[in-house]
Amino acid sequence: MSSKDTTSQSDISKMTAHGADGSFKRAASSFRNTIEKGGKFDVEKDRYHLYVSYACPWATRALIVRKLKGLDEIIPVTVVSPRMGSNGWPFANVDEFPGADVDPLYNSEHVRDLYLKADPDYSGRFTVPVLWDKKNHTIVNNESSEIIRILNTAFNDIIPADKAAVDLYPQAHRTEIDEVNEWVYDTVNNGVYKSGFATTQEAYEKAVVQVFKSLDRLEGLLQGKDYLVGDTLTEADVRLWVTTIRFDPVYVGHFKCNFKTIRDGYPAINTWMKKLYWNQPAFKDSTNFEHIKTHYYWSHPQINPTRIVPSGPIPTIQEL
Ligand SMILES: N[C@@H](CCC(=O)N[C@@H](CS)C(=O)NCC(=O)O)C(=O)O
């Protein structure tokens with residue numbers, strides 16, 4: 001919709017987010033506001049909207065927490081097409097893909113249009129998730145780690161008591177959650193991207209070794225356990241899970257994280273992952289393997305120029 005040439009911000013195949021050694025450097029998110037009673041972004045039903053891709057692990061964090069907190073009616077969701085091209089993420093009016101939506105608020109063509117509506121001078125990347133404010137027509141927050149904390153508490157006064165009681169960042173476990181999040185983010189969540197987006201052999205090898213060192217450590221931590229921290233579901237589980245569910249279908253092949261698969265190499269991680277998928281609708285309902293596989297294999301022609309999406313693994317996720 002905008003006539004401005006923003007392809008340097010939207011075309012991932014021309015991304016220059018690399019260090020001199022060929023290592024991938026993720027840019028920081030720009031919109032970092034919160035929702036709070038009496039604040040600029042007040043607690044209201046039907047005021048906020050969530051834009052996501054089912055393909056994106058960061059966006060899926062928000063989808064899962066939204067479901068766990070019963071916020072379906074309070075924060076509607078719009079899903080983009082998984083085929084991210086030179087203008088970034090398209091809506092279904094530009095790229096009709098099963099499960100993708102049109103933008104119900106502005107009929108935007110791309111996620112980029114939302115960013116430029118919020119800030120015509122925006123110079124960062126056009127990422128999902130986006131937590132949108134319909135009242136001020138702007139972005140509240142585009143950083144998933146913060147969006148999930150907002151969803152965890154901000155709406156507690158206007159949701160049923162059983163949902164308000166769900167606490168994914170409980171006081172008693174905060175130190176441990178923060179500690180786990182830090183290394184899991186760096187070496188697993190972002191580690192697979194550092195492996196896949198590396199542009200030198202050395203940068204790739206450094207990243208991939210770290211990924212598997214951390215998976216080994218997680219395998220130890222999850223022995224006989226249903227949750228990563230304490231005996232309760234926390235955001236640490238949500239944040240790790242979104243990477244593990246993509247691991248065998250995508251990261252093993254596309255991002256070259258192929259020392260082992262989760263299913264054959266990590267029984268404790270695999271059991272923890274399958275239990276969450278099959279027993280907790282918030283996880284299964286937030287997962288669309290068609291979108292996940294198509295996105296990565298189609299959208300990074302610098303890695304996969306034929307755009308062929310592999311048929312396996314079969315099954316995509318094993319039964320419990
Ligand atoms: N720090 C952000 C990262 C979000 C992110 O990088 N999303 C990816 C999809 S998985 C994206 O939209 N990339 C588009 C681009 O870089 O052009 C968060 O956690 O919310």
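This section describes the overall fold dimensions, the ligand site and selected backbone features of a predicted model.

The protein chain contains 13 helices and four strands. Along the principal axes, its C-alpha atoms occupy a box of roughly 50 × 45 × 35 Å. The radius of gyration of the protein chain is 19 Å, which agrees with the value near 20 Å that a compact globule of 320 residues would have.

The ligand is located in the largest pocket of the protein. Its surroundings comprise 17 residues, of which Cys56, Trp89, Arg125, Glu143 and Ser144 are the closest. By residue class, the shell around the ligand consists of ten nonpolar, four polar and three charged residues. Three of the closest residues are considered individually below, each with respect to a polar side-chain atom and an oxygen atom of the ligand. For Trp89, a polar atom of the side chain is placed 2.8 Å from a ligand oxygen. In the case of Arg125, an N or O atom of the side chain is 2.7 Å from an oxygen atom of the ligand. The side chain of Ser144 likewise places a polar atom 2.6 Å from an oxygen atom of the ligand. On its own, the ligand has 520 Å² of accessible area, and the protein covers 92% of this area.

Several backbone features were also identified in the loops and in the segment that follows α13. The peptide bond that joins Val128 to Pro129 is cis, with omega near 5°. Pro129 belongs to the loop that connects α3 (111-118) with β3 (130-133). A cis peptide bond is also present from Ile314 to Pro315, where omega is near -10°. Pro315 is part of the segment after α13, the helix that spans residues 289-299. A further backbone feature concerns Asp46, a residue other than glycine with a positive phi, near 60°. Asp46 is situated in the loop between α1 (7-10) and β1 (48-52).

Methods
Residues numbered from 1 in each chain as written. Predicted model: local features only at pLDDT ≥ 70, side-chain atom pairs only at ≥ 80, totals over all residues. Heavy atoms only, no water. Near = heavy atom within 4 Å. Polar contact = N/O pair within 3.5 Å; in protein donor to acceptor, adjacent residues only side chain to side chain. Areas by Shrake-Rupley, 256 points an atom, 1.4 Å probe, with all protein chains shown as cover. 1 Å grid on protein atoms, 1.4 Å probe; cavity = no way out; pocket = protein on both sides within 12 Å on 5 of 7 lines; lining within 4 Å. Sits in = over half its atoms within 2 Å of the grid points. Nonpolar A, V, L, I, M, F, W, Y, C, P; charged D, E, K, R; others polar. Helix = DSSP H or I, 4+ residues; strand = E, 2+ residues; numbered from the N terminus. Rg over C-alpha atoms; globule rule 2.2 N^0.38 Å.
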